[in-house]
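The following exercises are to be worked with the sequence and the coordinates at hand. Each task is followed by a solution in steps.

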Amino acid sequence: MQLDAFLARQDPQLIAFRRDLHRHPELGFAEHRTTQRIVDALTAAGLRPRVLPKGTGVICDIGPGDGPTVALRADIDALPLMDEKDVPYRSTVPGVAHACGHDVHTTMVLGTGLFLAQQAAAGLLPGRVRLLFQPAEENPGGALDVMAAGGIAGVDRVFALHCDPRIEVGQLGLRAGPITAACDKVYVRVTGPGGHTARPHLTADLVYALAKIVTELPAALSRRVDPRSSLSLVWGRVAAGSVANAIPDDGIAEGTVRCLDDDAWHKAPEMMKALLDSVAAAYDVEANLEYVRGVPPTVNEPTSVQMFRDAATQVIGPDAPVPTPQSLGGEDFGWYLESIPGALARLGVRTPGSDAEYDLHRGDFDVDESCIGVGVRVLAATALAALWDDRRPTADETVGGAVSA
């Protein structure tokens, strides 16, 4: 009832806040206006937000520090895309748009924080909730800045919602285990002496060697790990040479490595280097590998997923939780889950019954704004459930059915 009353009062303000962010999107590590808007809203509620050292992103604690701590994360950055929608809140920044729903994520966590601040003031919060307004998810790297600033120090669980235009408003997509993939970039440069195509036997046939690397590495890499890890190497750019009758002296291949298994992700650079050296040696060329880490897989902890499920059932209804598939897209929320348990859920943002087919990272992406109230309900209920659950005595603390001294 308190949550209903809060949303009845605050829903118009939350929608206005979201639209303001949508009109003024900012790229990763440049979210200065967005950060100030968050700080102003939290400060007005009597909270004490802290801006991250680089000047964008916010951490804010709510409630007493003598119990468990639950974190709620929102990413606040936009994408380098044109906003193609004809709406009053269309982006005013050329070439920048909130095309992934981060404005919605920010608004939902802010609204949840304002409600929980009221609960804390009334003595109804059984622990601490930490709001993490993270910069630069799209870069990526903002999660590491939050962690370096102590954002998850002392946190017992962490939760996040992400907009999903394939799911209707009022539904929450849930999955235990891997929900998004690791995503790394690889750059391979192959070099050799070059020569005339009439005499390939007198030199290293670099283009042929590069072709072997491009075709053999993905297959060999997939055979070195458990198939359930879904490790894949896909090339996006290959280039060598400039004329038909000359064997070039260098060539390049660029691509991405994606993976759903944390252990396989950690082993991928070493495995790829060994395979690359083996193929290159067979064709008498030199191959240099630059392996650029992106994000780890986001692996949802089952107990935290169940907390999401129970909360959604309680505050939305029994039909709210729905299964959701794995994605090979990257999400830097995975960095948090390497250190503490938690879960990422997909929030339905499509108008029920609508034929519109929006997708993330498109200039026409938009949401049914009634999803904001749904997200606040789910996050608030999940945070409270997690706090109460983590206050329960463990088996080691209970003797004969009573809490031990």
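**Exercise 1. A cis peptide bond**

In which loop is the place of proline 140?

Solution. The model is predicted, local features require pLDDT of at least 70, side-chain atom pairs count only at pLDDT 80 or more, and totals for chains, interfaces and linings use all residues. Residues are numbered from 1 along each chain as its sequence is written, and side-chain values use heavy atoms, with hydrogens and water left out. Proline 140 is placed in the loop between strand S4 (128-134) and helix H4 (142-148). Helices (H or I, at least four residues) and strands (E, at least two) are DSSP runs, numbered from the N terminus. The peptide bond that leads from asparagine 139 to proline 140 is cis, with omega near -10°.

**Exercise 2. The sheet with S8 and S12**

Determine the strand order of the open four-stranded sheet, and then state which helices lie on it.

Solution.
1. The order is S10-S12-S8-S13, and the pairing is antiparallel. Two strands count as paired if DSSP finds at least two bridges between them.
2. Strand S10 (232-240) and strand S13 (286-295) form the edges, each pairing on one side only.
3. On average, neighbouring strands of the sheet are turned by 15° against each other, with direction ignored. Axes here are lines fitted to C-alpha atoms, for helices over the stretch in contact, and angles run from 0 to 180 degrees between N-to-C directions.
4. Strands S8 (residues 182-191) and S12 (residues 250-259) run antiparallel and are joined by ten bridges. Tyrosine 187 has glutamate 254 as its bridge partner in S12.
5. Helix H6 (residues 262-282) packs on the sheet and touches S8, S10, S12 and S13, its direction making about 165° with that of S13.
6. Helix H5 (residues 206-222) lies across S8, S10, S12 and S13 and runs at about 170° to S10.

**Exercise 3. A residue of strand S10**

Is alanine 239 buried or partly exposed, and which residues does it touch?

Solution.
1. Alanine 239 is found in strand S10.
2. Its relative accessibility is 28%, so alanine 239 counts as partly exposed. The classes are buried (under 20% relative accessible area), exposed (over 50%) and partly exposed in between, with a 1.4 Å probe and protein chains only.
3. Not counting residues up to four places away in sequence, alanine 239 touches Leu210, Gly251 and Ile252; contact means heavy atoms within 4.5 Å.
4. Leucine 210 is 29 residues from alanine 239 along the chain, and their C-alpha atoms are separated by 9.1 Å.

**Exercise 4. The nonpolar cores**

Which residues have the most contacts inside the largest nonpolar core, and which helix gives the most to it?

Solution.
1. A nonpolar core is a set of buried Ala, Val, Leu, Ile, Met, Phe, Trp, Tyr and Cys residues joined through side-chain atoms within 4.5 Å.
2. The largest has 58 residues, and those with the most contacts inside it are Leu42, Leu72, Leu131, Phe133, Leu161, Leu172 and Phe308.
3. Helix H9 (residues 371-391) gives the most to this core, contributing eleven residues.
4. Another core, of 52 residues, lies apart from it and includes Val188, Leu206, Leu210 and Trp265.
5. As background, nonpolar side chains in soluble globular proteins tend to be buried together.

**Exercise 5. Strand S16**

How many residues of strand S16 are buried, and which strands are joined to it?

Solution.
1. Nine of the nine residues of S16 (residues 342-350) are buried.
2. One face comprises Gly342, Leu344, Arg346, Gly348 and Arg350, the other Ala343, Ala345, Leu347 and Val349; both faces are covered. In a regular strand the side chains alternate between the two faces of the sheet.
3. Strand S5 (residues 157-168) runs parallel to S16, joined by eight bridges, and glutamate 168 stands opposite arginine 350.
4. Strand S6 (residues 172-174) pairs with S16 in the antiparallel sense over two bridges, and glycine 173 stands opposite arginine 346.

**Exercise 6. Helix H3**

How many of the residues of H3 are buried?

Solution.
1. Helix H3 (residues 102-121) has 20 residues and reaches 28 Å from its first C-alpha to its last. This is close to the expected 28 Å, the expected span being 1.5 Å times one less than the number of residues.
2. Of the 20 residues, 17 are buried, so H3 is largely enclosed by the rest of the structure.
3. Glycine 123, with a positive phi near 75°, follows H3.
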